[in-house]
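Work through these exercises with the model in view. Try each task before you read its solution.

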Amino acid sequence: MTTRRATDNAKALDAFMTTKFQIDAMLERLKALSDDHFATHPDEINWGDVGTLNHYASLLSQITDSAFKEGEHAA
């Protein structure tokens with residue numbers, strides 16, 4: 001029988017939490033930008049703005065699909 005030695009995961013935990021805080025900060029910035037209509041006045045929206053927002057949505061969809069195992073990441 002092989003016994004596993006307990007490993008110190010403090011460095012991994014620190015790296016994980018650092019990245020989590022970075023993601024949280026990015027999400028807060030995105031939420032603020034969304035609340036501000038992505039820095040676009042509703043009377044000035046054009047098809048370029050629609051394309052940009054669709055691009056953002058596509059990138060975020062890749063992340064959420066991966067995180068929640070949906071779309072192409074579904075089992």
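Buried means under 20% relative accessible area, exposed means over 50%, and partly exposed lies in between (1.4 Å probe, protein chains only). This is a predicted model, in which local features need pLDDT of at least 70, side-chain atom pairs count only at pLDDT 80 or more, and totals for chains, interfaces and linings use all residues. Residues are numbered from 1 along each chain as its sequence is written, and side-chain values use heavy atoms, with hydrogens and water left out.

**Exercise 1. Describe the overall build of the protein chain.**

Step 1. Take the secondary structure. Helices (H or I, at least four residues) and strands (E, at least two) are DSSP runs, numbered from the N terminus. The protein chain has two helices and zero strands.

Step 2. Test the spread. The radius of gyration is taken over C-alpha atoms, and the globule rule is 2.2 Å times the number of residues to the power 0.38. For 75 residues the rule gives 11 Å, but the protein chain has 19 Å, so it is more spread out than a compact globule.

Step 3. Add the dimensions. The C-alpha trace spans about 70 × 30 × 15 Å along its principal axes.

Step 4. Check burial. Of the 75 residues in the protein chain, 3% are buried.

**Exercise 2. Characterise the surface and the charges.**

Step 1. Take the area, found by the Shrake-Rupley method with a 1.4 Å probe. The protein chain exposes about 7100 Å², and carbon and sulfur atoms supply 58% of it.

Step 2. Take the charges. Lys and Arg count as positive, Asp and Glu as negative; His and the chain ends are not counted. Each charge is placed at NZ of Lys, CZ of Arg, CG of Asp or CD of Glu. There are 7 positive and 12 negative side chains in the protein chain. The centres of the two sets lie 18 Å apart.

**Exercise 3. Compare the reach of H1 with its expected span.**

Step 1. The expected span is 1.5 Å times one less than the number of residues in the helix.

Step 2. H1 has 26 residues, and 38 Å is expected.

Step 3. From first C-alpha to last, H1 reaches 37 Å, close to that value.

Step 4. Look just past the helix end. There His37 takes a positive phi of about 55 degrees.

**Exercise 4. Find the aromatic pair and say what it links.**

Step 1. Rings of Phe, Tyr and Trp (its six-membered ring) pair if their centres lie within 6.5 Å; planes under 30 degrees apart count as stacked, over 60 as edge-to-face and the rest as tilted. The structure holds one such pair.

Step 2. The partners are Phe38 and Tyr56. Their centres are 6.0 Å apart and their planes 40 degrees, a tilted pair.

Step 3. Phe38 lies in the loop between helix H1 (10-35) and helix H2 (47-68), and Tyr56 in helix H2, so the pair ties together parts 18 residues apart in sequence.

Step 4. Check exposure. Phe38 is partly exposed at 27% relative accessibility. Tyr56 is partly exposed at 36%.

Step 5. Check the backbone. Phe38 has a positive phi of about 55 degrees although it is not a glycine.

**Exercise 5. Inspect the segment after H2.**

Step 1. Lys69 lies in this segment. Its phi is near 55 degrees, a positive value in a residue other than glycine. Lys69 is exposed, at 58% relative accessible area.

Step 2. Glu72 also lies in the segment after H2. Glu72 is exposed, at 74%.

Step 3. Glu72 and Gln62 are ten residues apart in sequence, with 8.8 Å between their C-alpha atoms.
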